[in-house]
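Please open the model in your viewer and keep the selection tool at hand. Each stop on this tour tells you what to select next and what is found there.

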Amino acid sequence: MTAATHSSLFPQVPESADAVLDGLDPEQREVATALHGPVCVLAGAGTGKTRAITHRIAYGVRAGILQPTSVLAVTFTNRAAGEMRGRLRQLGAGGVQARTFHSAALRQLQYFWPKAVGGNLPRLLERKVQLVAEAAARCRIRLDRNELRDVTSEIEWSKVTQTVPGDYPAVVAKTQRDAPRDPAEISQIYATYEELKRDRSVIDFEDVLLLTVAILQDRHDIADHVRRQYQHFVVDEYQDVSPLQQRLLDLWLGDRDTLCVVGDASQTIYSFTGATPDHLLNFRTRHPNATVVNLVRDYRSTPQVVHLANGLLGQARGRAAEHRLELVSQREPGPEPACTEYPDEPSEAEGTARRIRDLIATGVPAGEIAVLYRVNSQSEVYEQALADAGVPYQLRGAERFFERAEVREAGVALRGAARAGGNDSLLDDAEGLPAEVRAVLSTKGWTQQPPAGSGAVRDRWESLAALVRLAEDFERAKPGATLSDLVAELDERAAAQHAPTVQGVSLASLHSAKGLEWDAVFLVGLTEGMMPITYARTDEQIEEERRLLYVGVTRARLHLSLSWSLSRSPGGRAGRRPSRFLHGLRPGSMPLGARGTAGGGGIERGPAGPVAKRGRRGPARCRVCGRTLTDAGEMKLMRCEDCPSDMDEALYERLHDWRAVRAKEIGQPAFCVFTDKTLMAIAEAVPGSEGELAVISGVGARKLGRFGTAVLAICAGETVEEVLGQAADEM
Ligand code: ATP
Ligand code: MG
């Protein structure tokens with residue numbers, strides 16, 4: 001989040017359009033003043049892309065060239081949209097729409113539905129997993145938890161790439177997509193899922209875009225209406241635009257090209273959902289008269305952070321990597337990034353909380369610190385550790401601030417008090433507005449000291465405390481302001497969704513941290529299996545994980561910490577390895593050139609070679625943390641889903657390659673040979689005998705007889721070619 005001092009919360013609005021341009025460098029200024037025709041900004045993290053487009057809109061509005069209501073700014077998350085509205089308002093350009101594709105489409109859909117379709121818009125489905133599970137059950141296909149997640153993602157991918165159920169198998173074959181189940185099965189589940197939705201009159205997240213596209217395509221009158229309303233379009237984080245979002249953008253534009261896009265191909269982190277940086281990278285081909293601007297100065301991070309970021313990207317491969325931009329820090333030098341290995345997860349969390357407490361003690365505001373992780377379930381241990389260390393934190397996105405029940409209640413109470421002219425008897429005149437606000441909010445649960453512990457009570461208190469701080473800042477910025485002035489300010493902010501900074505350490509996933517920045521960033525849990533995540537297998541998927549880590553690193557302005565732990569719980573087996581992405585970046589790790597790479601998947605071996613052979617433990621206990629397992633998928637893996645996999649990735653890749661060939665030979669889908677789960681379990685257990693292989697779930701006597709020799713040979717280190725060659729010899 002941006003700095004939360006009162007001067008930045010209530011800055012002076014620039015006096016003129018030209019004053020808006022102050023504080024931009026020459027290239028950013030070029031972006032801001034190119035108000036006509038297509039504009040494309042290709043630039044690395046922290047170079048001021050978002051700043052440039054925000055100033056561009058503000059400059060256009062303030063100079064009277066752009067009508068505020070005719071501009072639609074599209075950003076990636078609600079939080080980023082909220083932040084952009086805040087920035088626009090500070091620059092004197094409130095009233096401009098800044099939304100996500102989704103919220104912009106939803107608004108149009110709600111407005112035009114009665115006219116285009118009739119009746120009310122169907123209810124929006126919050127989560128699809130439940131309905132996908134139901135669809136699978138109807139098709140008599142059993143899915144475990146992981147498969148359910150994977151099939152749901154496949155349905156989402158199909159929808160954003162505008163692939164209908166019947167076409168799915170053919171598209172998979174054509175694009176050589178690695179489907180998590182038999183494509184025919186997925187197609188069947190997808191079709192049934194769509195039917196269930198229709199029967200129940202619900203629509204899902206992707207339908208919002210699909211239906212808007214359909215209406216704009218079919219109804220020229222409605223498309224004209226929308227095009228009359230919006231004349232200028234600005235898209236942030238354009239590297240992650242999906243084909244469906246691009247289609248919507250094209251429909252909004254019609255035959256105009258009043259479009260400004262900004263992005264960084266090295267920060268593409270949603271290609272697993274069907275997004276692609278191609279639209280960004282091919283922008284000039286599509287718009288030959290486009291103004292293309294590169295920004296290279298990194299204003300966000302210190303040379304130390306930038307050096308690590310450049311090093312990380314230096315190892316990247318693939319199309320996005322070809323377009324990488326070396327960042328040049330504009331800041332004073334700062335501390336070296338810290339790399340810390342911990343024996344187990346609780347010590348990692350405690351160590352992190354301790355370092356955060358120390359930073360706060362040296363004056364870094366809690367709101368300027370973030371802990372970022374790969375998957376949301378990692379947050380829990382950090383919540384606990386921060387609560388134990390007495391450090392305030394927040395999990396929720398700032399964009400919802402004004403929607404929170406306690407904030408709405410507080411608003412009602414403040415409005416009531418303002419109408420009553422304030423309750424003067426409660427006040428100490430010298431303190432004025434803040435005292436008045438504290439008095440009103442104390443009836444809603446605000447107290448001088450925060451409540452002990454974490455959870456809902458603490459969350460509520462944090463929200464009220466944020467309002468108290470806002471009142472204090474407001475009073476400092478506008479001495480003599482009354483409660484009514486504050487209520488008006490709150491209303492205006494609520495309308496603009498510009499939340500005050502909650503003064504807590506942010507706990508967020510790497511994906512949700514996109515576009516944001518903090519003084520201090522802690523990247524935690526950086527082990528193989530978490531970063532890259534276990535289910536990233538192909539080269540492209542691994543590269544996307546690397547970019548995700550790059551996004552994490554480049555969120556830090558000054559302090560950067562990278563950490564991992566060797567086991568999940570104290571006393572557990574230290575089977576985890578630090579993320580491969582850290583090789584060559586942390587002190588004492590192998591130089592980049594010395595790393596070996598495995599064939600096929602291109603996945604790197606650990607410096608010590610394949611992990612040692614392991615025997616199998618009890619069938620119903622997690623190998624990593626020892627918890628008793630009940631879930632079928634977890635039992636198959638012999639570990640909790642959340643416990644990082646310590647499997648030998650190179651072995652997994654070889655098994656995967658072998659399976660593809662065998663499946664083709666016998667003319668069956670790959671999962672008929674072995675499912676992904678079983679392959680993972682094999683790559684984790686590295687069986688050394690038929691007995692060890694036979695106990696792995698999903699192997700069974702028939703498959704043992706058919707594939708056992710080959711699998712054991714691969715586990716013993718033979719190459720896929722050798723194994724397949726032998727099979728051919730035997731025939
Ligand atoms: P990301 O790729 O992470 O989205 P970005 O390119 O959008 O980054 P911004 O968030 O716009 O970068 O800017 C990064 C930081 O640098 C912000 O704090 C911004 O205010 C600051 N900044 C950008 N340009 C300038 C400038 N010309 N002078 C001073 N500070 C700047
Ligand atoms: Mg940005």
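Begin by selecting strand 6 (residues 232-235), where H232 and V234 point one way and F233 and V235 the other way, and all are buried. Buried here means under 20% relative accessible area, exposed means over 50%, and partly exposed lies in between, with a 1.4 Å probe and protein chains only. Strands (E, at least two residues) and helices (H or I, at least four residues) are DSSP runs, numbered from the N terminus. In a regular strand the side chains alternate between the two faces of the sheet.

Before going further, note that this is a predicted model, in which local features need pLDDT of at least 70, side-chain atom pairs count only at pLDDT 80 or more, and totals for chains, interfaces and linings use all residues. Residues are numbered from 1 along each chain as its sequence is written, chains are lettered from A and ligands numbered from 1 in the order in which they are written, and side-chain values use heavy atoms, with hydrogens and water left out.

**The neighbours of strand 6**

Add strand 2 (residues 71-75) to the selection: strand 2 and strand 6 pair in the parallel sense over four bridges, pairing being the case where DSSP finds at least two bridges between two strands. Within this pair, L72 stands opposite F233 in strand 6.

Now add strand 7 (residues 259-263), which pairs with strand 6 in the parallel sense over three bridges. In strand 7, the bridge partner of V234 is C260, while V235 has V261 as its bridge partner. If you also show helix 13 (residues 243-253), you will see that strand 6, helix 13 and strand 7 make a right-handed β-α-β unit; right-handed means that, with the strands pointing away from the viewer, the path from the first strand over the helix to the second runs clockwise.

**Strand 7 and helix 4**

Is strand 7 enclosed or open to the outside? Five of the five residues of strand 7 are buried, so this strand is largely enclosed by the rest of the structure. L259, V261 and G263 point one way from it, and C260 and V262 the other way. Strand 1 (residues 39-43) also pairs with strand 7 in the parallel sense, over four bridges, and there C40 has V261 as its bridge partner.

Next, select I53, whose place is in helix 4 (residues 49-62), and which is buried with a relative accessible area of 0%. Leaving aside neighbours within four places in sequence, I53 is in contact (heavy atoms within 4.5 Å) with M84, V234, D236, C260 and V262.

**Two residues with positive phi**

Move to E237, in the loop between strand 6 and helix 13, where phi is near 55°, a positive value in a residue other than glycine. E237 counts as buried at 12% relative accessibility. Then select R140, in the loop between helix 7 (129-138) and helix 8 (145-160), which has a positive phi of about 55° although it is not a glycine. R140 counts as exposed at 78% relative accessibility.

**The six-stranded sheet**

Select strands 11, 16, 15, 12, 14 and 13, which form an open sheet in that order with parallel pairing. Strand 11 (338-344) and strand 13 (393-394) stand at the edges, each with a single partner strand, so one side of each is left without a neighbour in the sheet. Strand 11 and strand 16 pair over six bridges, and C339 has L562 in strand 16 as its bridge partner.

**The largest nonpolar core**

A nonpolar core is a set of buried Ala, Val, Leu, Ile, Met, Phe, Trp, Tyr and Cys residues joined through side-chain atoms within 4.5 Å. The largest one has 38 residues, of which L372, L523, L526, V553 and L560 touch the most other members. Domain 1 (11-105 + 210-295) and domain 3 (331-400 + 499-582) both give residues to this core, so it lies between them; the domain bounds come from an automatic or database domain assignment. Centre the view on L560, which touches V305, L308, P337, A338, V521, L523 and V553, not counting residues up to four places away in sequence.

For a last stop, select M531 and P532, which are joined by a cis peptide bond with omega of about 0°; P532 lies in the loop between strand 15 and helix 24.
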